[in-house]
Amino acid sequence: MDAQGSQTNAKADTVFLALSSNLTTDLSQRGTNLTAATGGGYETNSARASLSEHFEVCIRCVLTKNENDLIFIAHHDAALTTSTFSLGTNNSGEFQASMNGAVVWVGPSVPAGDCSFSWSMRPNPDTTGARISEFIVYDHTAGDYLAIEQVTHAVPTTAGTYTLSVGGVWDGASLLLKPATAPSKARVSSSHHGNVEFAEDWVAARAGHTHTLDRLIEPIGAGLAAGGQGAWAGQANVGFCAAHANALRGRMLSPMVNEVYADARTLTTTPDPTQWIIAAPSSANYLADCTKLRWLSCDGWRYAQVRAQVQTWVTSGSAVPFGLRCYAMNRPHIGLGVQLGGKPIPPLIVEYGEATLTEDHTSSGEGEWLDLGVIRLPMMTEQIEGWLGTVTLVLAYAFDPASASSNDANARAKIKAWQVLPIVGEP
Amino acid sequence: MTDTPWKARDPMPPRIAGKNAVATQLVWPAPLFAGPWKEGLQEGDKVPCARRVLMLRHPGGGDGFMVHGDPPAHPQNYPEAGVWRTVRQVTCSLAPGAGLEMRVVAVRSGMTEWEDPNPLWQPWQPYGAGGRIRVTVGYDNGTSTDTATAEVDLAPSPNDDGAEPTAAGGSWGYLLFKHVPLVAPAGVKAGTPSELAKWSEGTVITITVDDQGGTRVIQCSVQEVPYKHVVAHDEESEVSIHGWPHELQPLARPQTEATDGATWEEHRQGTARGLAVAERQGQQLGPIVASWGSFSETLAEVSDTDPDPIQVTSTSYVGLSIGSSITTWSADGPGYAVPGYYALRNPENLPSVLNGAGTIPLRLRVHARFTGPGSNTGYLKFQVTARSWVILEVDQAAVGSTWTDLKLTGFIESMVAPNDFTVNLQDFVKVSGGTLELRYWSLEWGDKAVPA
């Protein structure tokens with residue numbers, strides 16, 4: 001038997017939760033059941049659903065194609081003229097959401113299938129007193145998202161005297177506008193829920209990531225109230241502040257390189273343009289392209305995760321191995337001369353990450369990502385203006401780097417994206 | 001003499017902490033804690049010192065620069081000397097206390113031409129090789145605006161017609177590396193406290209990159225550098241760093257706040273400020289995600305003064321910056337990282353809310369228009385997984401043919417680790433009708449209100 005408050009989708013912000021096609025038993029921690037009515041349930045004077053700043057309302061229902069003029073769930077006045085929220089379908093058989101007696105959003109046509117319909121609202125930071133709502137429709141039968149859309153609108157007018165109706169709209173005597181099949185699940189929450197939370201809760205949880213790098217878990221917020229006037233704050237909170245800063249220290253780390261090349265040229269064993277291509281540091285096979293050189297400050301982190309998206313193919317014969325390296329150097333390995341900033345050029349320090357693939361994606365294929373791993377960034381440490389604290393990154397490629405193929409002349413490749421992402425700590 | 005007391009953090013910490021020794025000694029709650037209280041509070045000031053790359057303009061993936069090495073010819077075959085052409089624009093937040101540095105990597109510049117108004121033979125004549133690049137940064141905090149500019153000279157190629165070398169790898173020997181250590185408004189450079197205070201919190205900047213002449217740019221980047229942070233002493237909550245000064249150390253410790261000054265309230269130090277800063281950093285500071293511009297070396301034309309926009313007439317989604325041949329999202333296709341793994345904000349990412357997945361608030365900015373008036377809608381979709389995307393709509397009735405900056409906030413799925421490759425940001429666009437034009441977009445973490 002379902003227990004109140006112990007359900008997976010009963011969260012701290014859940015004010016009403018109905019599962020297992022039982023629309024009256026509230027499985028949220030509130031544990032206040034609705035009054036049963038044919039097709040669903042209702043609660044008059046429903047102050048818990050009187051939400052005007054944030055809310056999430058989600059309903060799941062088996063529908064017939066273009067099933068029209070329905071109300072799945074609503075928080076509405078007794079005269080049925082206005083609502084805080086109302087989720088249903090319109091006369092044309094399209095998903096529809098309304099508030100304040102007006103339509104806020106019209107969605108796709110109702111399919112024949114088991115659908116979840118979610119409405120999540122939050123304040124609009126760009127307009128004082130306005131709201132942003134995200135609507136999601138997921139067809140569980142087809143396994144498709146029919147909509148993830150946002151609209152901006154005014155603040156809902158609400159009252160604690162409104163009625164919360166589920167499975168139709170309660171007019172004081174019966175539920176009207178009921179779907180042919182009563183909804184199987186419903187939830188009302190007092191917080192905004194994003195599309196990821198919707199998917200995790202109602203569709204499927206993503207496969208867990210195997211964490212191999214340091215993680216920073218953000219502490220639960222210090223809270224302005226804790227630091228506000230009249231609040232206690234003492235020596236222990238010094239420790240809190242420092243620990244908080246430690247957990248947030250990577251918070252603003254941003255990609256050094258996060259680039260996509262829609263016009264990526266086709267690489268062959270013949271370097272082109274010739275003048276851009278030169279041997280990579282200490283390598284007989286890898287060729288560095290000067291247009292894939294980046295010179296950036298990295299003073300504050302020492303390692304970066306690198307990956308690149310490549311497409312490889314052959315014009316005939318068997319697939320040819322393609323190697324890709326991302327070099328990180330304290331300065332470019334060539335081209336600076338013997339002095340830099342009036343000082344003898346510092347010795348070269350080189351690190352790289354690499355990966356190789358042997359794949360014929362075909363000339364029209366999308367390709368795949370190559371994980372070049374985490375590389376150390378050898379920062380320039382000499383006091384040379386402009387160079388101190390910088391690293392030079394270069395992409396280099398090689399067809400058949402281990403001389404394992406006899407089909408090199410027919411090999412082709414494109415490098416279509418490149419990412420260099422700073423990490424905290426060490427790998 | 002000014003009567004306005006200022007709280008200054010000068011200089012900002014030079015870098016973010018690695019594994020911080022001070023912080024790891026401290027555990028909360030620790031009632032018997034007697035550690036380095038000043039350093040403990042100052043740790044928070046390092047958080048904004050992440051040297052974010054705000055903009056990086058690159059040549060794309062093509063096989064040549066717009067400025068080639070062919071002999072000058074008629075009609076116009078090279079950019080006109082002395083004419084600036086815009087190639088990139090990015091709008092984003094400025095980290096508290098951050099200055100900006102500019103870096104340029106370029107191959108020596110190629111030829112320019114000039115138009116003879118009274119030609120004896122042909123109007124377009126060679127004008128010599130050379131180039132310049134300029135970064136203009138517009139500052140806006142909602143009540144004030146200002147501008148900073150940096151400009152560097154990109155030396156000419158000594159070859160005939162300013163050509164690139166033809167020898168294998170020859171362009172490596174023609175590389176130029178230029179650095180401007182501080183791009184900032186004049187008042188900031190002068191160190192005027194009131195000017196520094198204007199841009200220390202809540203500033204949005206617009207970076208515009210212009211080229212002049214025969215530039216062959218490989219990289220033009222604008223990166224944040226820790227600089228100076230100034231607010232009024234009586235600024236109580238809208239502050240993102242603790243700002244413990246190096247001078248004026250309080251004698252009593254610990255303290256929630258120092259004693260008020262003669263004519264002002266004093267909020268510059270103490271645990272009250274430390275906690276407020278911790279809260280604000282967690283809620284409002286985060287990474288730059290990505291940005292894009294339509295400029296491409298292989299598509300640009302010598303007479304352009306703005307980049308040719310991408311024009312969209314498709315009524316079904318097609319890739320924008322990832323290429324129009326891509327029409328549906330894929331984790332394997334080219335795309336951008338969503339680097340929210342160190343900024344998975346609470347409460348959206350509490351384990352009781354999302355356990356294993358991650359989501360971040362996203363600020364979208366798009367520069368777009370239609371080619372004419374009408375009643376159509378353009379849809380720009382940023383999709384990161386099969387289950388998460390945000391759509392920004394462009395209303396033709398509102399925008400018409402005027403280039404317009406549009407903005408929106410949304411929530412998208414984030415990488416939960418730097419090597420979490422299930423998330424891949426791809427941009428798609430479609431219209432209900434008409435022709436939509438797009439020049440730039442930028443994405444950053446956050447849903448804070450920004451200046452209009």
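This tour goes from the interface between two chains to the pockets and then to the cavities, in a model that is predicted.

**The interface**

Begin by selecting chain A and chain B in two colours, and look at where they meet: the contact takes 137 residues from chain B and 113 residues from chain A. The size of an interface is often given as the accessible area lost when the parts come together. Between chain B and chain A the area buried is about 10,200 Å², and carbon and sulfur atoms give 59% of that area. Now select B:Trp172, B:Tyr342 and B:Arg387, which supply 10% of the area that chain B buries against chain A, more than any other three residues.

Next, show the side chains of A:Asp299 and B:Arg51, which form a salt bridge whose closest N and O atoms are 3.7 Å apart. Across the interface of chain B and chain A there are four salt bridges by the rule used here, and the count of residue pairs in polar contact between the two chains, with both residues at pLDDT 80 or more, is 43. Which helix of chain B gives the largest share of the side that touches chain A? Select residues 271-284 of chain B to see helix 5, which supplies nine residues of that side. When the residues of the side of chain B that touches chain A are sorted by class, 70 are nonpolar, 46 are polar and 21 are charged.

**The pockets**

Rolling a probe the size of a water molecule over the atoms shows where empty space is left. To find the largest pocket, which has a volume of about 690 Å³, select A:Val260, B:Trp292, B:Gly293, B:Ser321 and B:Tyr336, the closest to its centre of the 41 residues that line the pocket. Among the elements that give two or more residues to this lining are strand 16 (257-260) of chain A and strand 2 (53-57) of chain B. Colour strand 11 of chain B as well, since this strand gives the most to the lining of the largest pocket, with six residues. By class, the lining of the largest pocket holds 24 nonpolar, 13 polar and four charged residues.

Move on to the second largest pocket, whose volume is about 590 Å³, by selecting A:His54, B:Arg345, B:Pro347, B:Glu348 and B:Phe411, which are the closest to its centre among the 26 residues of the lining. Strand 9 (113-123) of chain A and helix 5 of chain B each supply at least two residues of this lining, which divides into eight nonpolar, 10 polar and eight charged residues.

**The cavities**

By the rule used here, there are nine cavities of 30 Å³ or more. The largest cavity has a volume of about 280 Å³, and selecting B:Ser93, B:Gln284, B:Leu285, B:Glu444 and B:Lys448 shows the residues closest to its centre, out of 25 that line the cavity. Helix 5 of chain B appears here again, together with strand 14 (359-370) and strand 19 (436-445) of chain B, as an element that gives two or more residues to the lining.

Finish at the second largest cavity, with a volume of about 110 Å³, where the lining includes A:Arg265, A:Asp289, A:Lys292 and B:Gly61. Which strand of chain A gives the most to the lining of this second largest cavity? Select residues 390-399 of chain A to see strand 25, which gives the most, with three residues. The lining of the second largest cavity divides into six nonpolar, one polar and three charged residues.

Technical notes. Residues numbered from 1 in each chain as written. Chains lettered and ligands numbered in written order. Heavy atoms only, no water. Contact = heavy atoms within 4.5 Å. Buried area = accessible area lost by both parts, 1.4 Å probe. Polar contact = N/O pair within 3.5 Å; in protein donor to acceptor, adjacent residues only side chain to side chain. Helix = DSSP H or I, 4+ residues; strand = E, 2+ residues; numbered from the N terminus. Nonpolar A, V, L, I, M, F, W, Y, C, P; charged D, E, K, R; others polar. 1 Å grid on protein atoms, 1.4 Å probe; cavity = no way out; pocket = protein on both sides within 12 Å on 5 of 7 lines; lining within 4 Å. Points joined across faces, edges and corners; volume = space filled by probe spheres on them.
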